[in-house]
Amino acid sequence: MNLKVVLVFLALSLITVFALAYVLLTSQRSSSQPPHCPSVSYSAQPWTHPGQSQLFADLSREELTAVMSFLTQKLGPGLVDAAQAQPSDNCVFSVELELPPKAAALAHLDRGSPPPAREALAIVFFGGQPQPNVTELLVGPLPHPSYLRDVTVERHGGPLPYHRRPVLGTESAQMWKHLKEVELPKAPVFLASVFNYNGSTLAALHATPRGLRSGDRATWIALYHNISGVGIFLHPVGLELLLDHRALDPARWAVQQVFYLGHYYADLGQLEWEFKAGRLEVVRVPLPLPDGASSLRSRVSPGPLPPLQFSPQGSRYSVQGNLVASSLWTFTFGHGVFSGMRIFDVRFKGERVAYEVSVQECVSIYGADSPKTMMTRYLDSSYGLGHHSRGLVRGVDCPYQSTMVDIHVLVGKGAVQLLPGAVCVFEEAQGLPLRRHHGHLQSHFYGGLAGSALVVRSVSSVGNYDYIWDFVLHPNGALEGRVHATGYINTAFLSGGEESLLFGNRVGERVLGAVHTHAFHFKLDLDVAGLKNWVVAEDVVFKPVAAPWSPEHQLQRPQLTRYQLVVTRRKEEESQSSSIYYQNDIWTPTAAFADFINNETLLGESLQFFLFLQDLVAWVTASFLHIPHAEDVPNTVTLGNRVGFLLRPYNFFDEDPSIFSPGSVYFEKGQDAGLCSVNHVACIPHLAACVPDLPPFSYQDL
């Protein structure tokens, strides 16, 4: 046979062998690939039919649009889009859901009565009229509004003065425009020499409240270095200005005082004159580096990914619209534009335990020796805890397989704004047994239940701080509210004197981490075993008692004491403990939370030994003191900065209800704990061999 033919034949044979081997290996590899886990829904499912839960659902894009169209028609052509409105204009500031009266809501939920009319609350700024004011209008019924009603006087006891209005984005921008174009040019040599200012390297942060008496609208504004991509909050330059901006015409605004390194000046012109004359002590502050200490850019190369939590048998909860349901819990959630997270009609195994659990307010009070910082008392609902809920990041803000829910808001502009993925729902694996016991005395057994909980979360990024809000529902019937603080600390310029360190710690070359408090206020409208409840507190005191078997000796025996807590009767007119109007007028608020506590009898009246109970509301404040330290740079971590409340069943059930959880584990001596039929945890290696059905990562909120 010709040698050339033989070589060709051998080559073809080798190619065939390699091809067959490749096909065989590929088929084996594909057959060995683990199957995909059951598919998981990563976004809330739409409503399949009208449901009771829509009582508390936030207004949809269509409803918000309908309300704006109706208001534009009714309020006339003088209405200006809030995104462009000047203080002297009329504009719609916000539109959000008006919560239904509780009696009407319960009649619908529990007795099948028609649902109460769905309504919206609109806040309108009337700056373009002889007596400027803020007006609250009720608009309904939705989705096709046909009426509006002014509810300002009945809710606030009188008209709302115009100076109490929250600051629009346009007013804030106009304030900076005035400083940049009118005030800063008065000190060009000082600013360029001391701060390397080139027209864009400074940014402003405001103190609130805006003044020292009712009617003021004058704001202390501190200047910070402004470098893209880093936290400006860590870079104060020491210059602060008091801007009076009460006049409706920005041309009449003026700086009243200037503060620099412990001294006050009439204006920047005086500061410039003294600097040129060589009589001004200065501290030159260089521009920060883009990748310096205030940057959140990683300092190391990417490494192994963190652990992934996933459900090999699919989610054990569902989200439809704003209704969340599991085998134990059902509830609906809402997202107030100003107050933020709230949940309603919370039921455990079908029985209501709470009508409403909601965030009310978030307060920070600062101390330092600069006017901006010592003046600061932030009431963050005024800025909008819900409005400033930004899109959550899978795998960081929430477990990767969380269900993400979009929110629509209308505030500060006439158009509806989408907050994509601003709420997430997930089941949290806590890495800790909820209960367990290893019996080894009389009989030998093990029983336990892995700790897990259903969580609904949002994060409010209000200026420098980020607040992570969670409502957590546990399998033993406990309900928890918690908040973690993270983000950037608020700082002041450290002038160098020892006295400055009375107000915090040095966290940078010339940076004081200012001492401050955090206080978070919650509303708990519990309906445990019905609408009528009472509240008692139990504590333990130790009392001496003679030992019955040896009277000459005494024991210190613990004994329960019962005393009444200060809570309030539920009233529709006392639906919220705070107000967005308090921030700019804390001196004469139209209504104060202290007025809710008026020595009313909480336990009703006793008549012939019958006790008439009340529908009660508990108002809970959780707080902590933050003395910033070097490790708060660049960011404050959540660890150690968490507070909240925990509601646990107390003689409500006959036994721990988590004993009915399908996740419980029990096996005895002599049983093979490695069998799925004995111990379902033994099934995990087989079940977890599936590949998680993970959504592709995307983010839309930058």
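Helix 6, residues 188–195, lies across four strands in this predicted model: strand 6, strand 7, strand 8 and strand 9. The helix runs at about 150° to strand 8.

Those strands belong to an open sheet, so to speak the floor plan for this part of the tour. Five strands make up the sheet, in the order 6-7-8-9-10, with antiparallel pairing. Strand 6 and strand 10 are the edge strands, and each pairs on one side only. On average, neighbouring strands of the sheet are turned by 30° against each other, direction ignored.

Here are the strands with their residue ranges, handy for making selections:

| Strand | Residues |
|---|---|
| Strand 6 | residues 202–206 |
| Strand 7 | residues 218–225 |
| Strand 8 | residues 236–244 |
| Strand 9 | residues 254–260 |
| Strand 10 | residues 263–265 |

Now to one end of the sheet. Strand 9 and strand 10 run antiparallel and are joined by three bridges. Val258 stands opposite Tyr265, a residue of strand 10.

At the other end, a loop is worth a look. Leu212 is found in the loop between strand 6 and strand 7. Is Leu212 buried or exposed? Leu212 counts as exposed because its relative accessibility is 66%, and the cut-off for exposed is over 50%.

Which residues does Leu212 touch, leaving aside those up to four places away in sequence? The answer is Met375 and Trp587. Ile586 also comes into the picture: its C-alpha atom is separated by 9.3 Å from that of Leu212, although the two residues are 374 residues apart along the chain.

Notes:
Residues are numbered from 1 along each chain as its sequence is written. This is a predicted model: local features need pLDDT of at least 70, side-chain atom pairs count only at pLDDT 80 or more; totals for chains, interfaces and linings use all residues. Side-chain values use heavy atoms; hydrogens and water are left out. Two strands pair if DSSP finds at least two bridges between them. Helices (H or I, at least four residues) and strands (E, at least two) are DSSP runs, numbered from the N terminus. Axes are lines fitted to C-alpha atoms, for helices over the stretch in contact, and angles run from 0 to 180 degrees between N-to-C directions. Contact means heavy atoms within 4.5 Å. Buried means under 20% relative accessible area, exposed over 50%, partly exposed in between (1.4 Å probe, protein chains only).
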